[in-house]
Amino acid sequence: MNDQSNRRPGGKSATGATKSDANGIVVSRLRALYQAVESEAVPQQFIDLLRRLDEAERAQSDD
């Protein structure tokens, strides 16, 4: 079935949710996910890798 067949007058779907309601839910869930990832600590392995890359760049620029 296509998306139009589930629509009712007024832009509501058969479940009663409007398209903007669905967008709002997606936005809030994406924000929550982003905030959860943002608050995680950077793994030590990544910090070590970045340090080694910085050292390699400095050594290359000294040549």
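**Entry 1: surface and burial**

I started with the accessible surface of the protein, which comes to about 5,900 Å². Carbon and sulfur atoms account for 55% of that area. I then looked up burial: of the 63 residues in the protein, 3% are buried.

**Entry 2: confidence**

I noted that this is a predicted model, so I checked the pLDDT before reading any details. The protein averages 82, and 73% of the residues score at least 70. By element, I found the lowest confidence in strand β1 (residues 7-8), with a mean of 52. Helix α2 has the highest, at 95.

**Entry 3: elements**

I listed the secondary structure and got two helices and two strands. Read from the N terminus, the order is β-β-α-α. I recorded helix α1 as residues 19-39 and helix α2 as residues 44-62.

**Entry 4: annotated segment**

I looked up the UniProt record, an unreviewed entry, which lists residues 28-57 as "domain: Anti-sigma factor NepR". I take that label from the record. In the model, I find that the chain over residues 28-57 is 87% helix and 0% strand. The C-alpha atoms at the two ends of this segment are 40 Å apart.

**Entry 5: nonpolar patch**

Which residues make the nonpolar surface patch? I have Val 26, Leu 30, Leu 33 and Val 37, with a patch area of about 370 Å². I followed up one of them, Val 37, and placed it in helix α1. Is Val 37 buried or exposed? Neither: Val 37 counts as partly exposed because its relative accessibility is 48%, and the exposed class starts over 50%.

**Entry 6: salt bridge**

How many salt bridges does the structure hold? I found one. Side chains of opposite charge can pair when their charged atoms come close. Here the partners are Arg 51 and Glu 55, and their closest N and O atoms are 3.3 Å apart. The pair falls within the cut-off of 4 Å, so I kept it as a salt bridge.

I located both residues in helix α2. Arg 51 and Glu 55 are four residues apart, about one turn of the helix.

I also checked the exposure of each partner. Arg 51 has a relative accessibility of 41% and therefore counts as partly exposed. Glu 55, with a relative accessible area of 39%, is partly exposed too. I closed the entry with the confidence of their helix: α2 stands at 95.

Conventions:
Residues numbered from 1 in each chain as written. Predicted model: local features only at pLDDT ≥ 70, side-chain atom pairs only at ≥ 80, totals over all residues. Heavy atoms only, no water. Patch = residues over 30% accessible without salt bridge, like charges linked within 9 Å, V, L, I, M, F, W, Y side chains within 5 Å. Areas by Shrake-Rupley, 256 points an atom, 1.4 Å probe, with all protein chains shown as cover. Salt bridge = Lys/Arg side-chain N within 4 Å of Asp/Glu carboxyl O. Buried < 20%, exposed > 50% of the residue type's maximum accessible area, 1.4 Å probe, protein only. UniProt positions renumbered as here; feature names shortened; annotations may be inferred. pLDDT = per-residue confidence, 0-100.
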